[in-house]
Amino acid sequence: MSKPFTAFIVYSGNPHTQKTLAQLKASELVEKSILLSTSAEVDRLEGVDILVVPSLYGSQCMEAIAESVKTPLVLLIIHDTEIELGQFALERFLFVAEAAGASLVYSDYFDVRGGNQAPHPLIEYQMGSLRDDFDFGSVQVFAAETFNTAATELEGLSYRFAGLYALRLAVSRLGSIVRIGEFLYSKLEGDVRKTGEKLFDYVDPRNRAVQIEMESAVTRHLKKIGAYLEPRFMEVDLTEGRFDVEASVIIPVKNRVRTIADAVDSALRQIATFPFNAIVVDNHSTDGTTESLRSMAERDNRLICLIPQRKDLGIGGCWNEAVHNAACGRFAAQLDSDDLYKDATTLQRIVDTFKRERCAVVIGSYQMTSFALEEIPPGVIDHREWTPENGRNNALRINGLGAPRAFFTPILRKSKIPNVSYGEDYSVVLAISREYQIGRIYEPIYMCRRWEGNTDADLDIVKLNSYNAYKDKLRTFEVLARQRLNSGA
């Protein structure tokens, strides 16, 4: 009787792979270990087979694994890094896989940095966990039967980058994905950048070929689960409602005395062919922000300062206060209290786009800068992965939609923004895009300043997990809503 695991390990010739192999060889549960490499010239290890594949995460690699496995379970180590299995880790993977009848099992782990070990908890997988960067860790266990069935769906796709992602989506359709909330192994952490520096990897222009494949994979998945939306949209009546001004710049703020004057000045310096105002919702600041705003409002009556009666508002709640205020204009444009419009034409360009494309939301592009407005990597974030035909489907895969965001106020007032301080904009744009077209401006019209005061400059793993789990939940809600829409429910 064969042992339950066949192990497949990403390999590029590094000596730490031999340490991993030694652990697997010592286990009574591993029938065989096979190395995955993109080079036939890599150093061969005695007694260990090597599968040479065009790309490590491509569809051909997944198909080669499916053809090679003869055991009930596939143990896949997807990162070329030092892995140390915990006490009876494989036994625990096996127990949960069998007990839960799971198609994919993953676990929490420890990060090792500079010789120090730190817990790295993961989050539960759910229907909306459609991000291609969802963190399963380095060690993943698949039911071989499910893996093989999923791999057959990749035949003919020739993915170089999206093979593992497409396979995972197929696995999620075939069975359950289960997290073990235990730290079953340690991983040497190679990417030690702050979370705020990792946020924009997926929109790096160098990753464009990757993004095209990932979009193809998620679109196929959405079609198979009945959540894909055809490119048909409801018309927007831009004459709806009566407004004193054509546009409002909405600025929620709390304790940003260092930046709020710059943001307000950026809004009021706009040159437009229509009347506009700036509505600042001061969420009970205590650092002098309130006084600074009061002084500016005395000099310019286009600045409207609101202090909510409620004290339980997040950024989304502050937006609701502004949008439902009688002073709000026909179009409501975002400006964060840390940031600036790129020049005096931003607001005009946004309104012109609304009128030209007759859409419900307009989203621009922005330039990443330091506090001193010096450009920093990755430079311009333009979200060119968006297309008018498939943008709202691909939006379920990516973690953000760009800035600045602007809304046709009557539609936004019907939609309501979640009263949270993370993901509130993503949530409402997803919901609106279910029925209406989203307009885009691909040239930078906004300056996103990164500094130590940013709320997402460097998140700890607990906060990062809570943010990611919340956005996955938003996607879950949206997938369910689109399934219902498509079914006529």
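Reader: Which elements are included in what covers the buried residues of α4?

Author: This is a predicted model, in which local features need pLDDT of at least 70 and side-chain atom pairs count only at pLDDT 80 or more, while totals for chains, interfaces and linings use all residues. Residues are numbered from 1 along each chain as its sequence is written, and side-chain values use heavy atoms, with hydrogens and water left out. Buried means under 20% relative accessible area, exposed over 50% and partly exposed in between (1.4 Å probe, protein chains only). With contact taken as heavy atoms within 4.5 Å, the cover over the buried residues of α4 includes α2 (59-68), β4, β8 and α5.

Reader: What arc around the axis do the buried residues of α4 cover?

Author: Helices (H or I, at least four residues) and strands (E, at least two) are DSSP runs, numbered from the N terminus. In helix α4 (residues 144-152), the buried residues are A144, T146, F147, A150 and A151. They lie on the same side of α4, because the arc, taken from the directions from the helix axis to the C-beta atoms, is only 160°.

Reader: How many of the residues of strand β4 are buried?

Author: L73, L75 and I77 point one way from β4, V74 and L76 point the other way, and all are buried. The strand, residues 73-77, is therefore largely enclosed by the rest of the structure, its buried count being 5 of the 5.

Reader: In which sense do β1 and β4 pair, parallel or antiparallel?

Author: Two strands pair if DSSP finds at least two bridges between them. I9 stands opposite I77 in β4. Strand β1 (residues 5-10) and β4 are joined over 5 bridges, and their sense is parallel.

Reader: Which residue in β8 is the bridge partner of L75?

Author: Strand β8 (residues 139-143) runs antiparallel to β4, with 5 bridges between them. On the β8 side, the partner of L75 is V141.

Reader: Which element gives the most residues to the lining of the second largest cavity?

Author: On a 1 Å grid over the protein atoms alone, a cavity is a set of points where a 1.4 Å probe fits but cannot get out, a pocket is an open set with protein on both sides within 12 Å along at least five of seven lines, and lining residues have an atom within 4 Å of a point. The second largest cavity is lined by I9, V10, H16, T17, T20, I77, H79, D80, T81 and I83. β1 and α1 each supply at least two of these residues. The most, 3 residues, come from α1.

Reader: What volume does the largest cavity have?

Author: Grid points are joined across faces, edges and corners, and a volume is the space filled by probe spheres set on the points. The search of the whole structure finds 2 cavities of 30 Å³ or more. The second largest has a volume of about 40 Å³, and the largest about 50 Å³.

Reader: Which element supplies the largest share of the lining of the largest cavity?

Author: A150, E153, L154, A166, L169, A170, R173, A217, R220 and H221 line the largest cavity. Two or more of the lining residues come from each of α5 (163-174) and α7 (208-224). The largest share, 4 residues, belongs to α5.

Reader: How many residues of the lining of the second largest pocket are charged?

Author: This pocket holds about 300 Å³ of space and is lined by 13 residues, with L21, K25, E46, G47 and V48 nearest its centre. The largest share of the lining, 5 residues, comes from α1. Ala, Val, Leu, Ile, Met, Phe, Trp, Tyr, Cys and Pro count as nonpolar, Asp, Glu, Lys and Arg as charged, and the others, Gly among them, as polar. The lining then has 6 nonpolar residues, 3 polar, and a charged count of 4.

Reader: Is H383 buried or exposed?

Author: H383 is found in the loop between β16 and α12. Its phi is near 50°, a positive value in a residue other than glycine. With a relative accessibility of 2%, H383 counts as buried.

Reader: What is the omega of the peptide bond from A403 to P404?

Author: Most residues other than glycine have a negative phi, and most peptide bonds are trans. P404 is found in the loop between α12 (391-394) and β17 (405-408). The bond from A403 to P404 is cis, with omega near 0°.
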